[in-house]
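Opened the notebook for a quick look at this one. I'll start with the surface and work inwards.

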Amino acid sequence: MMTFPAITALCAGILGVIGIVLASQVGAGRGKSKVGIGDGGDEELFCRIRKHGNFSEYAPLGIILLGLLEMSSAAGAMAIYILGASLVIGRILHPLGLKVKGEVTILRLVGVLATFLMIFVTSLWLIYNYLTAM
């Protein structure tokens with residue numbers, strides 16, 4: 001039975017706000033460095049672009065997987081909350097830990113791990129649900 005994915009909707013709303021903040025930081029960086037396209041060799045602008053780019057690469061996949069799992073009713077609300085929180089927290093921590101010089105910080109590492117773990121667990125759960133429903 002499919003239901004409205006309310007937990008996923010909450011996570012998507014939070015991620016939408018984060019996405020706008022990151023995009024705004026790119027825009028501000030472009031204005032500051034007077035670069036309309038690309039990064040113009042500006043390391044700070046490049047870092048801002050990658051923060052937004054990385055977010056845009058992983059947040060949509062995570063939210064789609066979460067929504068599918070929630071709509072399948074194969075996981076309880078607590079599991080959906082935990083997976084959603086992992087995605088949201090991971091997508092917050094990653095840009096906070098991404099520095100201009102590219103060193104790996106603990107925030108960046110935890111952000112990546114939280115996001116990857118969420119995507120991996122949710123993907124396996126969906127595959128398992130499919131195989132056991134056959």
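Surface first, keeping in mind that this is a predicted model. I get about 7,700 Å² exposed for the chain, with carbon and sulfur atoms supplying 74% of that area.

Charges next. I find 10 positive and 7 negative ones in the chain, and their mean positions sit 4 Å apart.

Then the overall build. I count four helices and zero strands, so read along the sequence the pattern is just α-α-α-α. The C-alpha trace spans about 55 × 25 × 25 Å along its principal axes.

How much of the chain is buried? I get 37% of the 134 residues. I also checked how far apart in sequence the contacts reach: taking those between residues at least 6 apart, 66% join residues at least 24 apart.

Now a single residue, Thr115. I place Thr115 in helix 4, which runs over residues 106-133. Is Thr115 buried or exposed? Its relative accessibility comes out at 0%, so I put Thr115 down as buried, the cut-off being under 20%.

What does the side chain of Thr115 do with its polar atom? I find that atom 2.9 Å from the backbone oxygen of Gly111.

Last lookup: which residues does Thr115 touch, once those up to four places away in sequence are set aside? My list has Tyr58, Ser86, Leu87, Gly90 and Arg91.

Conventions
Residues are numbered from 1 along each chain as its sequence is written. This is a predicted model: local features need pLDDT of at least 70, side-chain atom pairs count only at pLDDT 80 or more; totals for chains, interfaces and linings use all residues. Side-chain values use heavy atoms; hydrogens and water are left out. Helices (H or I, at least four residues) and strands (E, at least two) are DSSP runs, numbered from the N terminus. Buried means under 20% relative accessible area, exposed over 50%, partly exposed in between (1.4 Å probe, protein chains only). A polar contact is a pair of N or O atoms within 3.5 Å; within protein, one must be able to donate a hydrogen and the other to accept it, and residues adjacent in sequence count only if both atoms are side-chain atoms. Contact means heavy atoms within 4.5 Å. Accessible areas come from the Shrake-Rupley method with a 1.4 Å probe; for residues, only the protein chains shown count as cover. Lys and Arg count as positive and Asp and Glu as negative; His and the chain ends are not counted. The place of a charge is taken as NZ of Lys, CZ of Arg, CG of Asp or CD of Glu.
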